[in-house]
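User: I have a structure open that I have not looked at before. Could you walk me through a few parts of it?
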Amino acid sequence: MAMFFLSFPSISPLNFLLSSSFLPNRLLEFNHTGELLATGDKGGRVVIFQREPESQTEPFSQGEYNVYSTFQSHEPEFDYLKSLEIEEKINKIRWLPQQNAAHFLLSTNDKTVKLWKVSERDKRPEGYNLKDEEGRIKDLSTVTSLQVPVLKPVDLMVEVSPRRVFANAHTYHINSISVNSDYETYMSADDLRINLWHLDITDRSFNIVDIKPANMEDLTEVITAAEFHPHHCNLFVYSSSKGTLRLCDMREAALCDKHSKLFEEPEDPSAHSFFSEIISSVSDVKFSHSGRYLLTRDYLTAKVWDLNMESKPLETYQVHDYLRSKLCSLYENDCIFDKFECAWNGSDSVIMTGAYNNFFRMFDRNTKRDVTLEASRESSKPRAVLKPRRVCAAGGKRRKDDISVDSLDFTKKILHTAWHPTENIIAIAATNNLYIFQDKLSSEMH
């Protein structure tokens, strides 16, 4: 698994910078300042990268992210009651806004959410009255005078310690966690329920959504993602496998089984097929930074919804429409069930999401232009030019450098993406390697 860090002043032309080294990472999450980037992998490990400060002698060093800390977040467990193995794989990571010198983040696997504290230590106290240099208690009879302990500088150490463990609240696999704008609570969502937690209380949570039917044979949809509104602590949204979005207001009722708004696009009967319900399932939902819009991703499209318009999406972007003719083979190899994430840029003017063949897509909402870029080994060479790519549908006319849809590698997929909260820096989780790039896109977006 590779990770790409790109820095660019505008979407066209595109300047970029990529950095780091090989790590099998999956999830990506910038903190609220963008100075730290947390990644989680299948082995339950969290690796935190820190952005390097600007250098006068090395102008291209700004934007590079180097390893800051690595720690084991989750270990494999076994549920003896259900005879079920619980994987250590990290499903989600979310940063808490920084309140002091330390950083805090939440990480979760299928069943357990943990709160971690990340702090620095560059001084060590010395000169204790009751302890010797090795920390052993002195014989009080030997203490003949008192001294004031002093702090001596030492090499910088990054310490990561678990502060809370939130367990035993989910029967099904956790797919989402989201920190509330009140910075005191967060929610965790699984396939059928959403729970509300207080960050200081680990032994109980409040169930705020429960869509489990009395008879599981009547189950028609599951929860696929959930997120709090960035500014209003009472609002949250969750998506379903039927392609719907439900906006809920916790002021209306303790159990938000009845939504405040339902966002759903009517299906075209003429376009209905065996795969319609599968490809309409929403794999990710993100509020815009302004809180006015929702960005969703299903298998073939990315959609922008206005909170004031429930009947249809405000904008629909075709991510890889050329795959419609391949749905049967994608169903057979299970690729049709891949869950792609999506991301906003800091000004909510550009959206980004991943695709196959290590391609990722960007859409400019203002100019309506789009670009397909590739995270590849060939682009990792110094001063390499990251050129736009174009996929030619089956039977279509091919231009020079076009890629046929039949030659796409579906084992190379970009599922996870992240965008710096204020700057044009993006992180892309691709396959196999992690590269450093610094160059410019050679042509305009098409």
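Analyst: We can go through some strands and a surface patch, keeping in mind that this is a predicted model.

User: Okay, let's start with β18. Is that strand mostly covered or mostly open?
Analyst: Strand β18, which spans residues 235-240, is mostly covered, since 6 of its 6 residues are buried.

User: Which way do the side chains there point?
Analyst: Leu 235, Val 237 and Ser 239 point one way from β18, while Phe 236, Tyr 238 and Ser 240 point the other way, and all are buried. As a general matter, side chains in a regular strand alternate between the two faces of the sheet.

User: And which strands does β18 pair with?
Analyst: Strand β17 (residues 223-228) is joined to β18 by 5 bridges and the two run antiparallel, with 6 residues between them in a hairpin. Strand β19 (residues 245-249) also pairs with β18 in the antiparallel sense, over 5 bridges. Ser 239 takes part in both pairings, as the bridge partner of Ala 225 and of Leu 245 in β19.

User: What about the turn between β18 and β19, which residue has a positive phi there?
Analyst: That residue is Gly 243, with a phi near 85 degrees, in a hairpin that has 4 residues between the strands.

User: Switching topic, in what order do the strands from β25 to β28 sit in their sheet?
Analyst: They form an open sheet of 4 strands in the order β25-β26-β27-β28, with antiparallel pairing. The edge strands are β25 (342-344) and β28 (370-374), each of which pairs on one side only. From one strand to the next, the twist averages 20 degrees.

User: Is the edge strand β28 buried or exposed?
Analyst: β28 is mostly covered, with 4 of its 5 residues buried. Its pairing with strand β27 (residues 359-364) is antiparallel and is made through 5 bridges, and in it Phe 360 stands opposite Leu 373 of β28. The hairpin of β27 and β28 has 5 residues between the strands, and there Lys 368 takes a positive phi near 65 degrees.

User: And the other edge, β25?
Analyst: β25 pairs with strand β26 (residues 350-354) in the antiparallel sense over 3 bridges, and the bridge partner of Trp 344 is Ile 351 in β26.

User: Last one: which residues make the nonpolar surface patch?
Analyst: Phe 274, Tyr 331 and Phe 337 make a patch of about 330 Å². Tyr 331 is found in helix α2, which covers residues 327-332, and this tyrosine counts as partly exposed because its relative accessible area is 33%, between the 20% cut-off for buried and the 50% cut-off for exposed.

Note on methods:
Residues are numbered from 1 along each chain as its sequence is written. This is a predicted model: local features need pLDDT of at least 70, side-chain atom pairs count only at pLDDT 80 or more; totals for chains, interfaces and linings use all residues. Side-chain values use heavy atoms; hydrogens and water are left out. Patches are made of residues with over 30% relative accessible area and no salt bridge: like charges are joined within 9 Å, nonpolar side chains (Val, Leu, Ile, Met, Phe, Trp, Tyr) within 5 Å. Accessible areas come from the Shrake-Rupley method with a 1.4 Å probe; for residues, only the protein chains shown count as cover. A salt bridge is a side-chain nitrogen of Lys or Arg within 4 Å of a carboxyl oxygen of Asp or Glu. Buried means under 20% relative accessible area, exposed over 50%, partly exposed in between (1.4 Å probe, protein chains only). Two strands pair if DSSP finds at least two bridges between them. Axes are lines fitted to C-alpha atoms, for helices over the stretch in contact, and angles run from 0 to 180 degrees between N-to-C directions.
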